[in-house]
Amino acid sequence: MPFQPFELEHFQSRFERTVEYNLADSSVQCINTRELVNDGEAQELLNLTLYYPEVNGTRLLRERIVSLYPDADAGNILVTVGAAQANSMVCSALLEPGDEVVVISPGYRQVWGLAQNLCCRIHEVELTPEDGWKLNLDRLESLCSSSTKMVSIVNPNNPTGTILSPDQMRRIVQICERHDSWLHADEVYRGTEFHQDETPTFWGKYNKVVCVNSLSKAYGLAGLRIGWAVASSDVIESLWRRHEYAVIAASGPSMTLAEIALQGTKRKMLLDRQKRLSQAGHRILKHWIQEQNGAFSMVEPAATSVAFVRYHFDVPSCELADHIRKRSSVLVSPGALLGAEHHLRVAVGIDPDQLKTALGRIGASVGELFSATPARPALSVLR
């Protein structure tokens with residue numbers, strides 16, 4: 001049976017431990033356990049009995065997640081092994097062979113690949129840097145029909161860092177309502193916004209919405225592998241049955257740490273830390289791009305700890321990323337694996353000095369290509 005591998009994750013898992021600087025990741029630099037827990041919380045962890053935890057997520061964790069979603073209750077929450085497991089179960093529960101699915105490109109191509117492996121028909125709404133990576137809602141509507149089973153949105157977007165406005169969110173809901181389509185909203189970058197309040201959730205705006213989130217991206221707790229799905233109670237029951245087959249339950253110690261992380265003051269600390277690192281990293285990257293003589297440009301993102309950097313010379317992005325890895329011991333994500341050639345996704349929410357060193361190495365290794373590769377006309381940084 002044909003199988004579409006998850007090429008981006010395969011690329012990262014092959015090489016992320018082989019380089020000095022990993023800029024291919026998609027979360028802010030992760031915090032260590034000592035920074036997260038106080039002495040009392042550490043003692044709680046040490047006294048934790050390592051028996052099977054509650055399969056759908058501990059009651060306290062689900063209650064803390066519920067506080068992030070208006071008018072939800074604990075029955076609307078299923079705790080999963082990262083957002084990746086939640087996304088996988090959503091696709092397996094809602095999609096069947098032949099269903100039509102609409103995704104956004106460039107994007108994190110998990111749902112794109114899962115839908116292919118379920119023998120669905122996929123339509124892509126293509127974003128462009130010339131339009132500031134803005135979602136063309138007329139194009140989205142034109143791709144939807146009575147055969148559209150699901151529309152999948154990532155907001156804020158990975159890898160472009162764009163944020164949907166409330167009006168855009170309403171229009172997306174109207175499109176899904178018109179065609180009776182499911183709306184899958186991956187919201188793992190909520191809380192990464194630079195200059196505005198936290199992005200509203202799609203939860204509560206439509207009766208056929210499933211929202212997904214995790215502690216990996218905005219919180220810097222990727223190693224906990226804790227995510228969740230938010231949906232109507234009947235959908236949660238359907239996901240829960242699949243959860244029992246796949247993993248039985250998320251890790252008990254991870255859920256205890258997640259309970260700690262989602263306390264009000266701890267959550268604010270984690271989000272503030274992420275924003276400081278991300279904003280500093282984006283300033284460093286912007287300055288670096290301006291020094292590269294038109295070889296690179298970028299639409300400045302409004303959120304996330306990653307940047308989607310465009311380059312202006314004729315080398316396939318997988319080949320360029322491989323060259324950078326071998327020559328610089330720096331890993332970046334090829335745009336082709338996110339659905340947009342001649343781009344690289346670069347993580348910037350790391351230690352500023354490390355980022356400066358890694359970018360310097362990228363510049364030097366790319367400079368080696370210019371003597372052999374005719375450059376396209378230099379473009380200024382896009383706004």
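Four bridges join strand 7 to strand 8 (residues 226-230), and the two strands run antiparallel. That pairing is a friendly place to start a walk through this structure, which is a predicted model.

**Strand 7 and its partners**

Within the pairing just mentioned, S214 has G227 of strand 8 as its bridge partner. Strand 7 is also joined to strand 6 (residues 182-186), again by four bridges, but here the strands run parallel. In that second pairing, L183 stands opposite V209 of strand 7.

How covered is strand 7? Strand 7 spans residues 209-214, and six of its six residues are buried. Both of its faces are covered. On one side sit V209, C211 and N213, on the other V210, V212 and S214, and all of them are buried.

**Nonpolar cores**

L183 turns up again in the largest nonpolar core, which has 93 residues. Together with I172 and F202, L183 belongs to the residues with the most contacts inside that core. Which residues does I172 touch, once neighbours within four places in sequence are left aside? The list holds L135, L137, L140, I153 and L164, along with L183 and F202. Another core lies apart from this one; it has 26 residues, including C91, W182, A229 and L239.

**A buried arginine**

Now to R345, which is found in strand 13 (residues 343-347). R345 is buried yet has no salt bridge. Where is the nearest side chain of opposite charge? That side chain belongs to D25, 5.8 Å away. A salt bridge needs a side-chain nitrogen and a carboxyl oxygen within 4 Å, so the D25 distance does not qualify. R345 does have polar neighbours, though: the table sets their distances beside that of D25.

| Partner of R345 | What is paired | Distance |
|---|---|---|
| A24 | backbone oxygen of A24 and a polar atom of the R345 side chain | 2.8 Å |
| N158 | side chains of R345 and N158, in a polar contact | 3.2 Å |
| D25 | nearest side chain of opposite charge, no salt bridge | 5.8 Å |

**A buried loop residue**

Last comes V299, placed in the loop between strand 9 (296-297) and strand 10 (306-311). Is V299 buried or exposed? V299 counts as buried because its relative accessibility is 9%, and the cut-off for buried is under 20%. If you would like a distance to check in your viewer, try V299 and R310: the two are 11 residues apart in sequence, and their C-alpha atoms are 8.6 Å apart in space.

Conventions
Residues are numbered from 1 along each chain as its sequence is written. This is a predicted model: local features need pLDDT of at least 70, side-chain atom pairs count only at pLDDT 80 or more; totals for chains, interfaces and linings use all residues. Side-chain values use heavy atoms; hydrogens and water are left out. Buried means under 20% relative accessible area, exposed over 50%, partly exposed in between (1.4 Å probe, protein chains only). Lys and Arg count as positive and Asp and Glu as negative; His and the chain ends are not counted. A polar contact is a pair of N or O atoms within 3.5 Å; within protein, one must be able to donate a hydrogen and the other to accept it, and residues adjacent in sequence count only if both atoms are side-chain atoms. A nonpolar core is a set of buried Ala, Val, Leu, Ile, Met, Phe, Trp, Tyr and Cys residues joined through side-chain atoms within 4.5 Å. Contact means heavy atoms within 4.5 Å. Two strands pair if DSSP finds at least two bridges between them.
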